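Q: Got a minute to walk through this one with me? I'd like the overall picture, then some details.

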Amino acid sequence: MTKLAIIPCTVILETLFFRKKFSRSIQMSLSVLLLGVGVATVTDLQLNAVGSILSLLAIITTCIAQIMTNTIQKKFKVSSTQLLYQSCPYQSLTLFLIGPFLDGFLTNQNVFAFNYTSQVVFFIVLSCLISVSVNFSTFLVIGKTSPVTYQVLGHLKTCLVLAFGYVLLHDPFSWRNILGILIAVVGMVLYSYFCTVETQQKNVEVSPQQVKESEAGPLIADSMSKVENGGGGVDDEPLKVPMWSSKYSRE
């Protein structure tokens, strides 16, 4: 349920604070996607105060982090590696200071009192390496696309996990899971199609403006050069050939 709520929260935040518009087609496709993932994954739902508060904090922080990741990369024109290099030390320090206390509060166990064998340390290091790879791919996908598209890919991963679990591990699978995955795939296809159509429309609209700007550029430059040289615009004869041309003459 927490993962399903990230997409609506991201859409609301981008609409309110960044004035980003999501068309009805995009909204409809996202609704179909969330419906399918909900049908396939949500079974028993139990709520409590601590879990609800942590889930709400997880949703808000995840949405803000992904939106800022996309915004910073595009605003400052930095790569995913550069942003990850700059942000990881602060994230690591924050987790190191808050993590043990939060873990002790939730589990009533001290993480430093655990018996760290060589096998445990090996899997911790392996988990860290995998986490770095996940963070790199997250920053890369969000920077090239958008936070909403990244969440759509995350739901695709969920559907693939369910399918591979049934095929390879023979996990219990019902018609409800199959129906949910099919609905989710339809939502993903619709989202991809509408995003592609809107991107092509924007490119078509931008191209004529770029042509007009390129045509207007030399005229503006000529006007500015005449003003800087003290030209009056009324007494001066209009330039019919370039300044660097040998045919240019002025009486």
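Q: How much area does the protein chain expose, and what share do carbon and sulfur atoms supply?
A: This is a predicted model. The protein chain exposes about 18600 Å². Carbon and sulfur atoms supply 67% of that area.

Q: And what share of the residues is buried?
A: Of the 251 residues in the protein chain, 22% are buried.

Q: How many helices and strands are there?
A: Seven helices and zero strands. Read from the N terminus, the order is α-α-α-α-α-α-α.

Q: What share of the contacts with a separation of 6 or more comes from residues 24 or more positions apart?
A: Such pairs account for 79% of those contacts.

Q: Back to the surface. Which residues make the nonpolar patch?
A: Val50, Ile53, Leu54, Leu57, Leu93, Phe96, Leu97, Ile98, Leu102, Phe105, Leu106 and Phe112. Together they make about 1200 Å² of nonpolar surface.

Q: Which elements give two or more residues to it?
A: Helix H3, residues 49-76, and helix H4, residues 80-107. The largest share is from H4, with seven residues.

Q: Take Leu54. Where is it?
A: Leu54 lies in helix H3. Its relative accessibility is 36%, so Leu54 counts as partly exposed.

Q: Switching to cysteines. How many disulfides turn up in the whole structure?
A: Zero.

Q: What is the nearest cysteine sulfur to Cys63, and how far away is it?
A: That of Cys9, at 3.5 Å. The cut-off for a disulfide is 2.5 Å between sulfur atoms, and Cys63 is in no disulfide.

Q: Is Cys63 buried or exposed?
A: Buried, because its relative accessibility is 0%.

Q: And how does Cys195 count?
A: Cys195 has 24% relative accessibility, so it counts as partly exposed.

Q: Now the helices. Does the span of H5 agree with its residue count, or disagree?
A: It agrees. Helix H5 covers residues 118-144, which is 27 residues. At 1.5 Å a residue it should span 39 Å, and its end C-alpha atoms are 39 Å apart.

Q: Which residues of H5 are buried?
A: Thr138, Phe139, Ile142 and Gly143.

Q: What covers them?
A: The cover includes H3, H4 and helix H6, residues 147-168.

Q: Which residues does Gln73 touch, leaving out those up to four places away in sequence?
A: Val78, Ser79, Ser80, Leu83, Phe139 and Gly143. Among the buried residues of H5 are Phe139 and Gly143. Gln73 itself sits in helix H3.

Q: Is Gln73 buried or exposed?
A: Buried. Its relative accessibility is 8%.

Q: What about Lys144, where does that sit?
A: Lys144 is in helix H5. It counts as exposed because its relative accessibility is 69%.

Q: How far apart are Lys144 and Gln73, in sequence and in space?
A: They are 71 residues apart in sequence. C-alpha to C-alpha, the distance is 8.9 Å.

Q: One more helix. How long should H2 be, and how far apart are its ends?
A: H2 runs over residues 24-41, 18 residues in total. At 1.5 Å a residue, the expected span is 26 Å, and the end C-alpha atoms are 26 Å apart, so the two agree.

Q: Which H2 residues are buried?
A: Ile26, Ser29, Leu30, Leu33, Leu34, Gly36, Val37, Gly38 and Ala40.

How values were computed
Residues are numbered from 1 along each chain as its sequence is written. This is a predicted model: local features need pLDDT of at least 70, side-chain atom pairs count only at pLDDT 80 or more; totals for chains, interfaces and linings use all residues. Side-chain values use heavy atoms; hydrogens and water are left out. Patches are made of residues with over 30% relative accessible area and no salt bridge: like charges are joined within 9 Å, nonpolar side chains (Val, Leu, Ile, Met, Phe, Trp, Tyr) within 5 Å. Accessible areas come from the Shrake-Rupley method with a 1.4 Å probe; for residues, only the protein chains shown count as cover. A salt bridge is a side-chain nitrogen of Lys or Arg within 4 Å of a carboxyl oxygen of Asp or Glu. Helices (H or I, at least four residues) and strands (E, at least two) are DSSP runs, numbered from the N terminus. Buried means under 20% relative accessible area, exposed over 50%, partly exposed in between (1.4 Å probe, protein chains only). Contact means heavy atoms within 4.5 Å. The expected span of a helix is 1.5 Å times one less than its number of residues.
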